[in-house]
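Let's take a walk through this model, one neighbourhood at a time. Have the coordinates open and follow along.

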Amino acid sequence: MDDYSAFVPDVHFEKIPIKNLVSNQTYQRNLSIAHIQKTAGHFDVHQINPVKVSRRDGINYVFNGQHTIEIVASVSGSRDTPVWCMVYDGMGYTEEADTFAKQQKYVKPLMPYEIFMANIEAGNDDQILIKSLLESYRLRISSNKGPNCVCAISTVEFIYHRYGLNTLDRTLRLCVASWEGEPDSLTANIIKGIALLVTAFGDNLRDDLFQEKVGKFSSREISRSARERKMGSMGYAEVMLAFYNKKTRYPLRWAQLHELQSQRTGIIGNDGSDGPDELVGRLE
């Protein structure tokens, strides 16, 4: 019989009350109370992973799962609550610390696309609604860039959760009407930049003028000019606003855009950077 013992950890599983677990080793990171509270607020018993424990000198030292036990204790209201533990016997302190340091080194995190599609398969309402909205504009979710392909799915979800379905709907409508699904127009910064304009100006932002004035510039031109400003999605919103306001009788107020980020410093026109007129001139 083949021997596979070198590939299988020598462990056993036990249910151990949280009060009998120790997780204050020096090598561990500090507990994040914010993370514990957030996860406890969305507790799902199916998401609990076994806690890795080193039993040394009769004491159960947690070297992977300190947040897990605090989340379970918070939700259950008792440290008598047991958790499943993967118990290693015979590990020394330095071996625990080395294992802790390396445990995430070769773990491949899930990509936003993979998480989104898993939510679709699970039948989760938010993701199904977002997918239907995208498809109504002949867009599709993809992990690869291409015509009508939305790779920035985490941005789309962010807009949906932060600003609501109506804002996401109008953002996609403006984007598709202006650039017809051209791949460079479906980037995270352009989509979020449009959402910032929609949120800031509401009905004062005219869809027909946006399509006419902003849409006549390629998404690459907008991206190139926005990157020079080094302000992320706000820089993209500024560039699009400059094009929209050009030769407009009633231009939209720049300060209104920046009210979305009230904590932001250096308002356009007051910090030596380009104001609206200078920006338009430089982009021509």
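Start with D57, which counts as exposed at 72% relative accessibility; here buried means under 20% relative accessible area, exposed means over 50%, and partly exposed is in between (1.4 Å probe, protein chains only). D57 sits in the loop between β3 and β4 (59-64). Helices (H or I, at least four residues) and strands (E, at least two) are DSSP runs, numbered from the N terminus. The phi of D57 is near 55 degrees, a positive value in a residue other than glycine.

A word on the ground rules: this is a predicted model, so local features need pLDDT of at least 70 and side-chain atom pairs count only at pLDDT 80 or more, while totals for chains, interfaces and linings use all residues. Residues are numbered from 1 along each chain as its sequence is written, and side-chain values use heavy atoms, with hydrogens and water left out.

Next, look at F43, in the loop between α1 (33-40) and β3 (51-56). F43 is partly exposed, with a relative accessible area of 33%. Together with V45, I48 and V75, F43 makes a nonpolar surface patch of about 300 Å². Patches are made of residues with over 30% relative accessible area and no salt bridge, with like charges joined within 9 Å and nonpolar side chains (Val, Leu, Ile, Met, Phe, Trp, Tyr) within 5 Å. The accessible areas come from the Shrake-Rupley method with a 1.4 Å probe, and for residues only the protein chains shown count as cover.

Now on to the helices, beginning with α4 (112-121). Its buried residues are F116, N119 and I120. Seen down the axis of α4, they fall within an arc of 105 degrees, so they line one face of the helix; the arc is that of the directions from the helix axis to the C-beta atoms. What do the buried residues of α4 pack against? They pack against α5, β6 and α6, where contact means heavy atoms within 4.5 Å. Just after α4, G123 takes a positive phi of about 75 degrees.

That brings us to α5. This helix has twelve residues (125-136), which at 1.5 Å a residue should span 16 Å, and its end C-alpha atoms are indeed 16 Å apart. The expected span is 1.5 Å times one less than the number of residues. Within α5, the buried residues are Q127, I130, L133 and L134. They cover an arc of only 125 degrees around the axis, which puts them on the same side of α5. Turn to the face pointing away from that buried side and you'll find the exposed residues D125 and S136. The buried residues of α5 have a longer list of partners to show you: α4, β6 (140-141), β7 (149-150), α6 (153-163) and α7 (165-179).

Step just past α5 and you meet R138, in the loop between α5 and β6. Its phi is near 60 degrees, again a positive value in a residue other than glycine. R138 is exposed, with a relative accessible area of 74%.Last stop: the charged pairs. How many salt bridges does the structure hold? There are 14, a salt bridge being a side-chain nitrogen of Lys or Arg within 4 Å of a carboxyl oxygen of Asp or Glu. Take K102 and D98, whose side chains meet at 3.4 Å, N to O. These two are four residues apart in helix α3 (residues 93-102), so about one helical turn separates them. K102 is partly exposed, with a relative accessible area of 46%, and D98 is partly exposed too, at 37%.

Another pair reaches across the sequence: D184 and K145 form a salt bridge at 2.4 Å, N to O. This one links distant parts of the chain, with D184 in the loop between α7 and α8 (188-201) and K145 in the loop between β6 and β7, 39 residues apart. Is each partner buried or exposed? D184 counts as buried at 11% relative accessibility, whereas K145 counts as exposed at 57%.

Finally, find R170 and D207, whose side chains meet in a salt bridge of 2.6 Å, N to O. R170 lies in helix α7 and D207 in helix α9 (residues 207-214), so the pair ties together parts that are 37 residues apart in sequence. R170 is buried, with a relative accessible area of 11%, while D207 counts as partly exposed at 25%. Both belong to a network of salt bridges that links D169, R170, R173 and D207.
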